Amino acid sequence: MPRQVVAFTTDKRFVRRARELRTIEAMVRLYCRGHDHPQRKPLCTDCAELFEYATRRLERCVFGDAKPTCANCTVHCYSAQMREQIRVVMQWAGPRMLLRHPILSIFHVLYGRRPAPTLPGKPPKRAE
Ligand code: SF4
Ligand SMILES: [Zn+2]
């Protein structure tokens with residue numbers, strides 16, 4: 001049976017993921033504009049694809065609202081290619097977020113400090 005996807009952006013119980021989605025959107029927009037990608041509306045095709053992918057991952061996150069930041073995740077549901085793309089975006093946009101979106105930026109740093117949960121029956125991955 002397919003897993004149910006929750007429309008979390010309109011449900012207050014999912015406030016953390018909704019905030020994380022806003023953070024990712026702000027970072028991808030900053031990156032797209034900062035690199036002057038052509039045909040932005042407001043994102044270019046590649047950045048729009050990356051944002052849609054990140055949105056789907058967030059909607060289906062096995063941890064729900066208890067999720068860690070994806071960088072600290074013990075599961076890593078992103079494909080290798082998308083994981084590298086979002087890593088590049090976040091590395092570039094992270095420092096710039098503090099000026100443009102200070103509140104989202106502070107929450108992102110705080111979430112990053114939370115211990116990463118593991119799924120039942122799965123031992124945590126060893127640090128690389
Ligand atoms: S990488 Fe981990 S925390 Fe991020 S959406 Fe996937 S399962 Fe959830
Ligand atoms: Zn772009």
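Start by colouring the protein by secondary structure: four helices appear and zero strands, where helices are DSSP runs of H or I with at least four residues, strands are runs of E with at least two, and numbering starts at the N terminus. What you have open is a predicted model, in which local features need pLDDT of at least 70, side-chain atom pairs count only at pLDDT 80 or more, and totals for chains, interfaces and linings use all residues. Residues are numbered from 1 along each chain as its sequence is written, while chains are lettered from A and ligands numbered from 1 in the order in which they are written.

**The whole chain**

Read from the N terminus, the order of elements is α-α-α-α. The protein has 128 residues, and 20% of them count as buried; that label calls for 20 or more other C-beta atoms within 10 Å of the residue's own, whereas exposed means 12 or fewer and partly exposed lies in between, with C-beta atoms placed from the backbone. Now look at contacts, meaning pairs whose C-beta atoms, placed from the backbone, lie within 7 Å. Among those between residues at least 6 apart in sequence, 64% join residues at least 24 apart.

**Stop one: α1 and α4**

Select residues 15-34 for α1 and residues 102-113 for α4. Their axes come within 10 Å and cross at roughly 115°; axes here are lines fitted to C-alpha atoms, for helices over the stretch in contact, and angles run from 0 to 180 degrees between N-to-C directions. The crossing of α1 past α4 is left-handed, that is, the near helix is turned anticlockwise from the far one by less than a right angle (clockwise would be right-handed). Show side chains next: Arg19, Arg22, Thr23 and Ala26 of α1 meet Leu104, Phe107 and His108 of α4. This contact has three nonpolar, two polar and two charged residues, with Ala, Val, Leu, Ile, Met, Phe, Trp, Tyr, Cys and Pro taken as nonpolar, Asp, Glu, Lys and Arg as charged, and the others, Gly among them, as polar.

**Stop two: the loop between α1 and α2**

Pick Asp36 in the loop between α1 and α2. Its phi is near 50°, a positive value in a residue other than glycine, and Asp36 is exposed because 8 other C-beta atoms lie within 10 Å. Move on to Pro42, which sits in the loop between α1 and α2. The peptide bond leading from Lys41 into Pro42 is cis, with omega near -5°. Pro42 has 11 C-beta neighbours inside 10 Å and so counts as exposed. Draw a distance from its C-alpha atom to that of Cys32, 10 residues away along the chain, and you should get 8.5 Å.

**Stop three: α2 and α3**

Select residues 45-59 (α2) and residues 80-100 (α3), whose axes come within 11 Å and cross at roughly 110°. The two helices are therefore roughly perpendicular, a term for angles of 65 to 115 degrees. Leu50, Tyr53 and Ala54 of α2 make the contact with Met82, Gln85 and Ile86 of α3. By class, that contact holds five nonpolar residues, one polar and no charged.

**Stop four: His76 and ligand 1**

In the loop between α2 and α3, select His76. Phi of His76 is near 60°, again a positive value in a residue other than glycine. His76 counts as partly exposed because it has 13 C-beta neighbours inside 10 Å.

Finish on ligand 1 and its 13 surrounding residues, of which Cys61, Lys67, Cys70, Cys73 and Cys77 come nearest; a residue is near if its C-beta atom, placed from the backbone, lies within 6 Å of the molecule. This shell divides into 10 nonpolar residues, one polar and two charged.

How values were computed. Contact = placed C-beta atoms within 7 Å. Parallel < 35°, antiparallel > 145°, perpendicular 65-115°, else oblique.
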